Amino acid sequence: MDTLPAELLRLIFDNCDPPSVRALRLTSGRLADVGYDYLLPPSFRAVEWKDDVQRLHSIAHHDRLNRSINSITFNFSKVDEYSARHASFFQHWLQEPEERSILLQDAWIKYYELEGKSRDLPPFYTRSAMVEESFKRLPNLKDLEITYTKCPYDIEVFKDVFLVRNCRKRDPTFRAQTCKNMNAIISAVRHVSLNSLTIDQLPLEIFRLPDDRRHWFDCCASSFSSLSRLDLTIDPPANLMPQSRFKAINGLGHVLQLSPNLTHLSLSFHTYHAPMQKFGFSFRALLQDFTFTKLTSLKLEGVSCSEEDLRSFLLRHAKTLERLRLGGRGLAKPYELSIGGVHLHEGSFRSLFTSLQGKLPKLQRLHLEGDLEAGDIRTGARERETFKFHASVDENWEDMDAADDFGRRRVVQAGKTMDSSALERYLIHGGPFPKLVVLGATSATSSEGSPSPELGPVSGGPGMAATPATAIAV
């Protein structure tokens, strides 16, 4: 094999698993040299129950292995033991009692062993200098993910448990420690040119506190210009006064504007203190008149704004926007309907889609998911549009055939949800506005008081039940 070209040897290594790579490298000096680049997987995963900071530091200071890492995931997730014990028990309720007892006991024993190791390690943010030094020596690092919602353990029982929001630990020190961890990572990010950044639980107050705010502005000024994909899930605090809210939104918007070359932007708000609540803001306060000139894919989840504000933001990106998502799973539990929708506190979705029809020439796909409501919700208006959409495609825009799939879960409840395919056809191809046939309701009252099957489910109006009716787009 020593006589084979290096390209063929790399092809052989490409099809080897890690044990085979190590064994093959022992056969000759040439194979050992070619196989050096295959000793480490390109994705590095750091958890708190292992000394992965030291491991990353060692890899970064190796003359050859440091080129192997092109993506890093920092997983800071913790489990809420009380909630997780109850959830894991009921998730395995249908198993034989003895089998269930053995399975859960083994899982929790392994968990306590791993947690014991984590207590021997210093907090992540106290080792920010090591992290920063490591990033300086990772020339091929392009993708970074920071997660607080994914299971950090290789324990099957816990992978299902982490899908339930209240099984993720959020103690009184959580937010302060999260801010410190984020600041430590952002300090290191300024030394690399990332292509993508994903954060699935970013405290909003980090953009309000003066020191943290200034730190993000300084560190992101040079590094975020290379980003093409940004996926942020914002975690607003329970009590945020109007002035603090404005300052935090303004700071978040400033960071977004430091990423002018984005092609994919996902902006979600998950209010853990009130999972059904949507976070209200205006795009004008967030971004002023800023435009992402290369934006092709946009997702908005868990937000509340006005029709005019949302329309203006979308039309600014009409020249490039190809895929649009409004809503998502939100903080729904695996068996619940999606609750990460979008609310319009002024205007209506019918008016919004009618005004956008024909004005997004590049648009190829539209997807709606979750609870979409329109009307003056803040003042308790009696009549408003209420829709509940279920997912029809996954995050990669591939059709979801399974009606109930963990991880990429699609929850469909007969009589309560519909898909957005008719609105997608209308917005892209034109034609009459799709009719939304209300099933199981005696009437559907429009804002003028006349029955209108086209406006979709309307809750709270005369003769209507308070809960959303079923609607099917045709």
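This report walks through the overall make-up of a predicted model, then its second largest pocket, its nonpolar cores and a pair of strand residues.

**Overall picture**

The protein has 474 residues, and 51% of them are buried. Its secondary structure consists of 15 helices and 16 strands. Among contacts with a separation of 6 or more, 78% join residues that are 24 or more positions apart.

**The second largest pocket**

A good place to start exploring is the second largest pocket, with a volume of about 660 Å³. Its lining is made up of 32 residues, and those nearest the pocket centre are Glu48, Phe76, Lys78, Ser118 and Gln177. Sorted by class, the lining holds 14 nonpolar, 12 charged and 6 polar residues.

Which elements supply at least two residues each to this lining? They are strand E1 (43-47), helix H4 (52-60), strand E2 (71-75), helix H6 (97-118) and helix H9 (174-189). H9 gives the largest share, with 4 residues.

**Helix H9, from pocket to core**

H9 deserves a second look. Its 16 residues should span 22 Å at 1.5 Å a residue, and the C-alpha atoms at its two ends are indeed 22 Å apart, so the expected and modelled values agree. Of those 16 residues, 13 are buried, and H9 is therefore largely enclosed by the rest of the structure.

In soluble globular proteins, nonpolar side chains tend to be buried together. Here the largest nonpolar core has 93 residues, and the members that touch the most others are Ile72, Phe74, Phe135, Trp216, Leu256 and Phe353. Helix H9 again provides the largest share, this time 8 residues of this core.

Leu256 gives a close-up of that packing. Beyond its neighbours within four places in sequence, Leu256 is in contact with Leu230, Leu232, Leu265, Leu267, Leu286, Leu287 and Phe292. There is also a second, separate core of 19 residues, with Val79, Trp108, Val157 and Phe158 among them.

**Two strand residues side by side**

Ala46 belongs to strand E1, while Thr73 belongs to strand E2. Are these two residues buried or partly exposed? Ala46 has 7% relative accessibility and so counts as buried; Thr73, at 22%, counts as partly exposed, because the cut-off for buried is under 20%.

The two residues touch each other. Setting aside residues up to four places away in sequence, Ala46 touches Asp52, Thr73, Phe74 and Asn75. On the same basis, Thr73 is in contact with Phe44, Arg45, Ala46, Glu145 and Thr147.

Each also has a partner some way off in sequence, as the table shows.

| Residue pair | Separation in sequence | C-alpha to C-alpha distance |
|---|---|---|
| Ala46 and Phe76 | 30 residues | 8.5 Å |
| Thr73 and Ile146 | 73 residues | 5.8 Å |

Phe76 also appears in the pocket description, as one of the lining residues nearest the centre of the second largest pocket. Phe74, which Ala46 touches, is likewise one of the residues with the most contacts to other members in the largest nonpolar core.

**Helix H15 and the residue after it**

Which residues of helix H15 (residues 421-429) are buried? They are Ala422, Leu423, Glu424, Tyr426 and Leu427. An α-helix has 3.6 residues a turn, so residues three or four places apart point the same way. Just after H15 comes Gly430, which adopts a positive phi of about 85 degrees.

Key:
Residues are numbered from 1 along each chain as its sequence is written. This is a predicted model: local features need pLDDT of at least 70, side-chain atom pairs count only at pLDDT 80 or more; totals for chains, interfaces and linings use all residues. Side-chain values use heavy atoms; hydrogens and water are left out. On a 1 Å grid over the protein atoms alone, a cavity is a set of points where a 1.4 Å probe fits but cannot get out, and a pocket is an open set with protein on both sides within 12 Å along at least five of seven lines; lining residues have an atom within 4 Å of a point. Grid points are joined across faces, edges and corners, and a volume is the space filled by probe spheres set on the points. Ala, Val, Leu, Ile, Met, Phe, Trp, Tyr, Cys and Pro count as nonpolar, Asp, Glu, Lys and Arg as charged, and the others, Gly among them, as polar. The expected span of a helix is 1.5 Å times one less than its number of residues. Buried means under 20% relative accessible area, exposed over 50%, partly exposed in between (1.4 Å probe, protein chains only). A nonpolar core is a set of buried Ala, Val, Leu, Ile, Met, Phe, Trp, Tyr and Cys residues joined through side-chain atoms within 4.5 Å. Contact means heavy atoms within 4.5 Å.
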